[in-house]
Amino acid sequence: MTRSTDTVGTRSRTHHWAAPTSFADAGRRSGLELLRLALDGTLPPAPICGTLGFRLVAVEEGRAVFEGEPGEHLLNPMGSVHGGFLATLLDSALGSAVMTTLPSGRAYTTVQLGVHLVRPVFAHGPLLRCEGNVVHAGRTTATAEARVVGAADGKVYAHATTTCAVFALPDAANGARMTA
């Protein structure tokens with residue numbers, strides 16, 4: 001029996017990324033300003049976007065939207081897209097939504113991520129859209145919720161919530177430590 005290289009052949013996927021820009025490198029801008037600069041191409045996207053194949057498509061105060069293409073490079077051993085792809089897409093939208101609420105000199109990090117995967121995604125499935133929305137934005141914590149849906153039909157594939165710690169960025173000029 002011969003096997004077709006279409007089903008067992010080695011595949012490759014190449015992607016390129018620009019060196020990431022840190023908050024300190026981007027200057028004294030709000031989180032919303034930084035995301036708008038990333039959206040219009042002035043700042044490079046986060047390298048994880050190219051690695052997994054998703055992109056920021058919309059941003060406004062308290063809201064961030066990403067789109068991602070499923071593909072066979074994302075499959076788990078059972079033939080569906082790995083849940084980690086959906087979790088990363090959700091975490092990106094959730095965190096970016098929180099980021100839109102941050103003034104200059106403040107940053108965030110995820111401290112809790114609750115993900116619910118409700119429908120399988122397959123390699124040749126639809127374009128996925130993930131919208132994150134802030135529920136609460138405080139001085140030291142923020143919460144948000146998000147959904148991954150089929151961009152064309154609105155079917156829900158996953159949803160999540162997050163809690164983020166909000167903190168001051170270190171002052172690069174004088175080497176000050178980060179403080180909450």
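**Exercise 1. Which backbone oxygen lies 2.7 Å from a polar atom of the side chain of Thr162?** Find the partner, then describe the surroundings of Thr162.

*Solution.* Before we start, a word on the model: it is predicted, so local features need pLDDT of at least 70, side-chain atom pairs count only at pLDDT 80 or more, and totals for chains, interfaces and linings use all residues. Residues are numbered from 1 along each chain as its sequence is written, and side-chain values use heavy atoms, with hydrogens and water left out.

Step 1. Place the residue: Thr162 sits in strand β6, residues 156–168. Strands (E, at least two residues) and helices (H or I, at least four) are DSSP runs, numbered from the N terminus.

Step 2. Check its exposure: Thr162 has a relative accessible area of 1% and is buried. Buried means under 20% relative accessible area, exposed over 50%, and partly exposed in between (1.4 Å probe, protein chains only).

Step 3. Name the partner: the oxygen belongs to the backbone of Gln112.

Step 4. List the company: beyond neighbours within four places in sequence, Thr162 is in contact (heavy atoms within 4.5 Å) with Leu94, Thr110, Gln112, Ala142, Thr143 and Ala144.

**Exercise 2. Work out how the strands are arranged in the sheet, and look at both its edges.**

*Solution.* Step 1. Write down the order: the open sheet of six strands reads β1-β2-β4-β5-β6-β3, with antiparallel pairing. Two strands pair if DSSP finds at least two bridges between them.

Step 2. Find the edges: β1 (54–60) and β3 (106–117) each pair on one side only.

Step 3. Take the β3 edge: 11 bridges join β3 to β6, and the two run antiparallel. One of the positions to check is Ala107, whose bridge partner in β6 is Phe167.

Step 4. Take the β1 edge: β1 and β2 (residues 63–68) pair over six bridges, in the antiparallel sense. Glu60 stands opposite Arg63 in β2. These strands form a hairpin with two residues between them, and Gly62 in the turn has a positive phi of about 80°.

**Exercise 3. Describe the setting of Ser92.**

*Solution.* Step 1. Ser92 is in helix α5.

Step 2. Its relative accessibility is 14%, so Ser92 counts as buried.

Step 3. A polar atom of the Ser92 side chain lies 2.9 Å from the backbone oxygen of Thr88.

Step 4. Leaving aside neighbours within four places in sequence, Ser92 is in contact with Phe54 and Phe66.

**Exercise 4. Examine helix α3 and identify what follows it.**

*Solution.* Step 1. Helix α3 covers residues 31–39, and its buried residues are Gly31, Leu32, Leu34, Leu35 and Leu37.

Step 2. Recall the helix geometry: an α-helix has 3.6 residues a turn, so residues three or four places apart point the same way.

Step 3. Move past the end: just after α3, Gly41 takes a positive phi of about 90°.

**Exercise 5. Summarise the chain as a whole.**

*Solution.* Step 1. Count the elements: there are five helices and six strands.

Step 2. Read them from the N terminus: α-α-α-α-β-β-α-β-β-β-β.

Step 3. Assess burial: of the 180 residues in the chain, 36% are buried.

Step 4. Finish with sequence range: among contacts between residues at least 6 apart in sequence, 63% join residues at least 24 apart.

Terms used
Contact means heavy atoms within 4.5 Å. A polar contact is a pair of N or O atoms within 3.5 Å; within protein, one must be able to donate a hydrogen and the other to accept it, and residues adjacent in sequence count only if both atoms are side-chain atoms.
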